[in-house]
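Student: I have a protein model open and I'm a bit lost. Could you walk me through how to read it, one feature at a time?

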Amino acid sequence: MRFHSLRTRLSLAYALFLLLVVGLGAFSIRQLDDYNRVTAEIRDRWLQSTRILGDLNNDTSDFRAAEGSFLLADTLSERQDSAHEMDSLDASIAHSLVRYQRIRHDDQEDRLYQDFLVHWRSYHRLVKQEQRLPLESGTAIRLYRTDARTAYNRASETLGQLTQWNLVGAKNAVERESATYRDANGWIVAAILTAGLLLFTAIGFITRSVSNPLLDLAKSMQRIADKETEVPIQGVERSDEIGVMARSVQVFRDNARALLTSQARLAEQAKSLEDALAKAQEMTQQQHNFVLMTSHEFRTPLALIDGYAQRLYNARERFGPEEVGERALKIRRATQRLTTLLDSLLDVPKHSAEPPPFHPQPLDIKELLRRLCQEYREMAPDRNFQEHLENLSFFLTGDVELLHQAFGNLLSNAVKYSAPGSSITLEAQDCDGTLVIEISDQGIGIPERDRPHIFERYFRGSNVSSHSGTGVGLTLVNQIITLHHGTLEVASTEEQGSRFTVRFPDPERTSLLT
Ligand code: ADP
């Protein structure tokens with residue numbers, strides 16, 4: 001049997017309770033026995049003795065009186081009555097003496113009783129003697145007044161002493177009874193208080209060493225169930241059943257912690273898989289957009305080449321060699337641009353987030369813009385192209401192919417997002433050292449909520465679903481203008497048109513970048 005076992009400890013506590021109850025009961029019974037004994041002594045000895053002695057006192061004094069009546073009787077019948085009374089009192093006294101002797105007495109009482117008996121018997125003998133004497137002689141009366149009186153007085157005196165002794169003994173017994181009652185009372189109260197104290201101690205012990213640890217464990221398990229894995233577990237060092245439970249709860253907690261960690265790791269892996277999937281989808285989308293953009297970007301120069309070739313073919317009879325040469329040159333330039341475009345487009349996925357390759361050199365921006373305008377005029381004859389380049393006196397240092405592509409994209413958008421017959425204006429001027437170029441149209445405009453996003457890659461306006469496009473053109477324009485230290489702004493009103501403004505604050509400065 002292990003002493004530290006909870007079962008042992010609880011059994012000991014129960015045994016203590018049992019002992020307490022039995023001990024308290026036994027103790028109370030013993031106290032009551034004491035009290036009972038003293039009460040029985042009073043009832044069986046002192047009360048009886050007192051009653052018998054009372055009877056004896058009465059009967060002996062009545063006997064003496066009847067003796068007198070007998071001697072002084074006037075008639076025979078009176079004497080006979082007195083003799084009868086004396087006989088009956090004699091019998092009563094004898095009965096009382098027998099009853100008295102049945103009671104246990106102490107030595108002093110016994111001695112007084114024996115003295116009384118001696119005196120009473122000698123008095124009784126004298127009375128019998130009196131009754132035998134002739135009454136007329138007066139001897140009987142004399143004996144009555146002398147020897148019989150003396151004998152009676154001695155007996156009566158001894159009986160008085162015995163009665164007195166008895167009363168003192170009875171009084172002492174009653175006092176002893178009260179003292180025993182008080183003692184029993186005190187002892188029983190003390191025993192109840194001690195038992196209460198022991199009970200509280202036992203309850204305190206059970207609460208501290210059993211109930212509270214169990215409640216703590218229950219709380220810890222609740223917290224673990226609520227996924228709180230840093231819960232401290234109390235009582236793992238105990239060697240009893242609560243210690244076993246605490247160590248088991250600790251194992252549950254560690255398992256729960258490991259489970260949560262692996263769940264978190266799984267969630268992380270799932271997240272990174274999702275990210276990888278999203279990236280793969282984005283790349284697929286980019287490739288798709290690239291194919292779309294390529295076909296879109298190729299359409300413009302191809303249309304130009306086709307236009308030049310058609311016009312050359314239609315007017316083949318009229319054109320002289322000079323004209324043919326000029327047209328062929330235009331076709332070559334358009335083809336060269338197509339080649340350059342092809343090269344730069346093939347670079348797009350590679351440089352998708354980076355600026356395109358930059359080769360700046362001094363160039364005639366006025367000439368570049370005029371040529372572009374002319375190209376688009378020929379490509380979209382149903383639009384009314386207007387150019388205001390008279391106030392332009394700058395020579396710009398920049399990449400001619402990139403700038404051609406940037407302004408070409410702006411003009412191409414102006415054509416794409418406006419209706420046939422509407423005007424497209426290209427204006428460039430010198431404003432206090434800043435080269436300002438504006439391209440305006442009277443097209444569908446850009447909704448206000450879309451405007452902050454139009455330079456983002458792949459973004460397309462919410463009102464352009466009926467127009468083909470990829471959402472990369474303006475991104476490229478913005479990159480090219482930024483490469484030239486310029487800025488690009490847009491002002492637009494829906495259904496009325498848009499104006500794109502390019503500013504080069506220091507047109508010559510880009511040369512420093514080479
Ligand atoms: P897209 O291939 O769609 O034309 P861009 O990058 O060139 O891609 O333009 C991004 C978006 O900006 C367009 O989808 C369109 O909503 C808006 N946008 C650009 N230019 C104009 C314009 N001149 N008029 C109206 N909207 C325009």
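**Around the ligand**

Tutor: Sure, let's begin with the ligand. One of its oxygen atoms lies 3.2 Å from a polar backbone atom of Gly 473. Keep in mind that this is a predicted model.

Student: Which other residues have polar atoms facing ligand oxygens, say Arg 460 or Gly 461, and at what distance?

Tutor: Both of those do, but with different parts. Arg 460 uses its side chain: an N or O atom there is 2.6 Å from an oxygen atom of the ligand. For Gly 461 the partner is a polar backbone atom, 3.0 Å from a ligand oxygen.

Student: How much of the ligand's accessible area does the protein cover?

Tutor: The idea is to take the ligand's accessible area on its own and ask what share the protein covers. Here the ligand alone has 530 Å², and 98% of that is covered by the protein.

Student: Where does the ligand sit?

Tutor: Its place is in the largest cavity. There are 20 residues around the ligand, and those that come nearest are Asn 413, Tyr 417, Asp 441, Arg 460 and Leu 474.

Student: Which elements give two or more residues to the shell around the ligand?

Tutor: Those are helix H9 (400–416), helix H10 (473–483) and strand S7 (497–504). H9 gives the most, with three residues.

Student: Let me pick a residue in S7. Where is Ser 498, and is it buried or exposed?

Tutor: Ser 498 is part of strand S7. To judge burial, look at the relative accessible area, where under 20% is called buried. Ser 498 has 7%, so it counts as buried.

Student: How far apart are Ser 498 and Asp 441, in sequence and in space?

Tutor: Always check those two distances separately. Along the sequence Ser 498 and Asp 441 are 57 residues apart, while their C-alpha atoms are 5.6 Å apart in space.

**Pairs with a wide gap**

Student: What do the two distances look like for Glu 241 and Lys 271?

Tutor: That pair is 30 residues apart in sequence and 45 Å apart in space, C-alpha to C-alpha. Glu 241 belongs to helix H6, which covers residues 241–314. Its relative accessibility is 28%, so Glu 241 counts as partly exposed.

Student: And how far is Leu 97 from Val 189?

Tutor: In space, the C-alpha atoms of Leu 97 and Val 189 are 45 Å apart, with a sequence separation of 92 residues. You'll find Leu 97 in helix H2 (residues 76–102), and it is buried at a relative accessible area of 11%.

Student: What about Thr 339 and Thr 146?

Tutor: Those two are 182 Å apart from C-alpha to C-alpha, and 193 residues apart in sequence. Thr 339 sits in helix H7 (residues 321–347). With a relative accessible area of 42%, Thr 339 is partly exposed.

**Cysteines**

Student: How many disulfides does the structure hold?

Tutor: Zero. A disulfide needs two cysteine sulfur atoms within 2.5 Å.

Student: Why is there no bond at Cys 373?

Tutor: Because the closest cysteine sulfur, in Cys 431, is 19 Å from the sulfur of Cys 373, and that is too far for a bond. Going from Cys 431, the closest cysteine sulfur is the one in Cys 373, at that 19 Å. As for their surroundings, Cys 373 is buried at 1% relative accessible area, whereas Cys 431 is partly exposed at 34%.

**Backbone angles**

Student: How do I read phi?

Tutor: Look at its sign, because most residues other than glycine have a negative phi. Asp 432 is not a glycine, yet its phi is positive, about 50 degrees.

Student: Where is Asp 432, and is it buried or exposed?

Tutor: Asp 432 is in the loop between strand S4 (423–431) and strand S5 (434–441). At 81% relative accessibility, Asp 432 is exposed.

Student: What is the phi of His 485, and where is that residue found?

Tutor: The phi of His 485 is positive, about 60 degrees, although this residue is not a glycine either. His 485 is in the loop between H10 and strand S6 (487–493), and its relative accessible area of 33% makes it partly exposed.

Methods. Residues are numbered from 1 along each chain as its sequence is written. This is a predicted model: local features need pLDDT of at least 70, side-chain atom pairs count only at pLDDT 80 or more; totals for chains, interfaces and linings use all residues. Side-chain values use heavy atoms; hydrogens and water are left out. Buried means under 20% relative accessible area, exposed over 50%, partly exposed in between (1.4 Å probe, protein chains only). A residue is near a molecule or strand if one of its heavy atoms lies within 4 Å of it. A polar contact is a pair of N or O atoms within 3.5 Å; within protein, one must be able to donate a hydrogen and the other to accept it, and residues adjacent in sequence count only if both atoms are side-chain atoms. Accessible areas come from the Shrake-Rupley method with a 1.4 Å probe; for residues, only the protein chains shown count as cover. On a 1 Å grid over the protein atoms alone, a cavity is a set of points where a 1.4 Å probe fits but cannot get out, and a pocket is an open set with protein on both sides within 12 Å along at least five of seven lines; lining residues have an atom within 4 Å of a point. A molecule sits in a cavity or pocket if more than half of its atoms lie within 2 Å of its grid points. Helices (H or I, at least four residues) and strands (E, at least two) are DSSP runs, numbered from the N terminus.
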